[in-house]
Amino acid sequence: MTAVAQQSFNVSKRRDEFLAGMRDTIPFIVGAIPFALIFGAFSITNGISVTGTMGLSSIVFAGSAQFIASELVGRGASTAVIILTTFIVNARHALYGATLSHHLKHLSQLWLVPLGFWLTDETFVVVATRFERAGESPYKHWYFFGSAILMYINWNVMTFIGINIGRTFGDRLTALGFDFAMIVTFIGMLVPLLKNRPLLMSAVAAGTSAIALHDVLDNQLWLIVAAFIGIAAGYVADSLPDDALLGWLEETR
Amino acid sequence: MNEVVMIGGMMLVTFGMRYPTLALVGKLNLPPQVLRALKFVPPAVLAAIIAPAVFLPQEDAGLQLALSNAHLLGGLAAVLMMRYTKNLLLTIVFGMAAFWLAQWLISLA
């Protein structure tokens, strides 16, 4: 291949990865839309300004933490408590970064800083699934980029629309249960991951621990503790001899 | 002013969780045990977020396993839909429809 032909081949590979990342993120967008709308409405009805609400979506960019923060503002919590809670809620992202990192070690800071900023639950699951797939593409970070930029634009546009809904109708979307859309999306993300017994054990242990600890540990600390219990349970189950149990889940593969 | 501090602080702690491991862990030579444990991050974290939202839908009301829990019914509908169609879009639409239907039926009862 000549140098020019090689270059145009690479460009199309990059574009393919970028577009594939966007395409695979579309279902997650459907779940994020109602969540972003109610965030916008919820945030301004809890007394956060329009600029502050947009600032949360564009500068912090962390759905569940933004939601919890606006709830805490509504309850009159101190800024320190809000930041601490955000830290605990988002501690899971350190695990996401660690999981994806060895696929990205060849990248410069120019890539790593924005990709780090854009790392959400949805993009993590989409990208981790793509990275697990066999086949060495040197442009997998373009897939990450495609997924992340679509989530980011959607999140900010929908927050803005949500603000305007909130101004007209108040907080009615929350009362209708629109916030449940995020949980339904997460359920759809979880089910295909449960491919064998250790993965299932991990989810069951994390879920039951989260329920047990929910009202015991303050400031959302239960979330990260339950996640670690789930990881430990999966690891232990993985170290035990396997058997053909749970064919029901096996078919999900 | 308070909002600026709040948003700045939230941004710092969030980025401070996302970026360092993403940028650095791949450059370390992690023991294989750690890499094996990281496989369990997605199911563990998702389950830890989902379970309280489905089983403890109301604040301070405790575990709700009854049919009057619309979140539980919607969640079950989503699990079944994803299990049998493997289509995330359908799962979200069907799960929310089931949740709202359950909410409406419960409000009639």
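Colleague: What makes H5(A) largely enclosed by the rest of the structure?

Modeller: In this predicted model, ten of the ten residues of H5(A) are buried, so the helix is largely enclosed by what surrounds it. The buried residues include A:Arg92, A:His93, A:Leu95, A:Tyr96 and A:Ser101. Buried here means under 20% relative accessible area.

Colleague: Why is A:Arg23 called exposed?

Modeller: The cut-off for exposed is over 50% relative accessible area. A:Arg23 has 53% relative accessibility, so it counts as exposed. Its partner A:Asp24 has 25%, so A:Asp24 counts as partly exposed.

Colleague: And what makes A:Arg23 and A:Asp24 a salt bridge?

Modeller: The rule asks for a Lys or Arg side-chain nitrogen within 4 Å of an Asp or Glu carboxyl oxygen. In this pair the closest N and O atoms are 3.5 Å apart, so the rule is met. Over all chains, the count comes to seven salt bridges.

Colleague: How do you know that A:Glu71 and A:Arg75 form a salt bridge?

Modeller: The same kind of reasoning applies. Their side chains meet at 2.7 Å, N to O, and the limit is 4 Å. As for accessibility, A:Glu71 is partly exposed at 27%, while A:Arg75 is exposed at 55%.

Colleague: Why does the pair A:Glu132 and A:Lys195 count as a salt bridge?

Modeller: The N to O distance is 3.8 Å, and that is within the 4 Å limit. This pair links distant parts of the chain, with the two positions 63 residues apart in the numbering: A:Glu132 sits in helix H7 (residues 121–132) of chain A, and A:Lys195 in the loop between helix H10 (180–190) and helix H11 (197–213) of chain A. A:Glu132 is exposed at 61% relative accessibility, whereas A:Lys195 is partly exposed at 28%.

Colleague: Which domains does chain A have, and how far apart are their centres?

Modeller: Chain A is divided into domain 1 (13–191) and domain 2 (194–253). Their C-alpha centres are separated by 23 Å. Twelve residues of domain 1 and eleven residues of domain 2 take part in the contact.

Colleague: What do the two domains of chain A bury between them?

Modeller: They bury about 940 Å², and 74% of that is on carbon and sulfur atoms. On the domain 1 side, A:Ile88, A:Leu95 and A:Val191 supply 47% of the area buried against domain 2, more than any other three residues. A:Leu95 is also one of the buried residues of H5(A).

Colleague: How many salt bridges and polar contacts are counted between these domains?

Modeller: The count is one salt bridge and one residue pair in polar contact, both residues being at pLDDT 80 or more. Helix H4 (79–89) and helix H5 (92–101) of chain A are the elements that give two or more residues to the domain 1 side. H4(A) provides the largest share of that side, five residues. By class, the domain 1 side has nine nonpolar, one polar and two charged residues.

Colleague: Now for the two chains. How is the size of an interface often given?

Modeller: It is often given as the accessible area lost when the parts come together. For chain B and chain A that area is about 6,800 Å², with 76% from carbon and sulfur atoms. In chain B, the residues that lose the most area to chain A are B:Arg18, B:Leu22 and B:Arg83, together 12% of what that side buries. The contact takes 63 residues from chain B and 94 residues from chain A.

Colleague: How do you know that A:Asp238 and B:Arg36 are joined by a salt bridge?

Modeller: Their closest N and O atoms are 3.1 Å apart, and the cut-off is 4 Å. A:Asp238, B:Arg36 and B:Lys39 are linked in a network of salt bridges. Between chain B and chain A the count is two salt bridges, along with 18 residue pairs in polar contact, both residues at pLDDT 80 or more.

Colleague: Which helix of chain B gives the most to the side that touches chain A?

Modeller: H1(B) does, with 18 residues. By class, this side of chain B has 43 nonpolar, twelve polar and eight charged residues.

Conventions:
Residues are numbered from 1 along each chain as its sequence is written. Chains are lettered from A and ligands numbered from 1 in the order in which they are written. This is a predicted model: local features need pLDDT of at least 70, side-chain atom pairs count only at pLDDT 80 or more; totals for chains, interfaces and linings use all residues. Side-chain values use heavy atoms; hydrogens and water are left out. Buried means under 20% relative accessible area, exposed over 50%, partly exposed in between (1.4 Å probe, protein chains only). Helices (H or I, at least four residues) and strands (E, at least two) are DSSP runs, numbered from the N terminus. Domain bounds come from an automatic or database domain assignment. Contact means heavy atoms within 4.5 Å. Buried area is the accessible area (1.4 Å probe) that two parts lose on being put together, summed over both. A polar contact is a pair of N or O atoms within 3.5 Å; within protein, one must be able to donate a hydrogen and the other to accept it, and residues adjacent in sequence count only if both atoms are side-chain atoms. Ala, Val, Leu, Ile, Met, Phe, Trp, Tyr, Cys and Pro count as nonpolar, Asp, Glu, Lys and Arg as charged, and the others, Gly among them, as polar.
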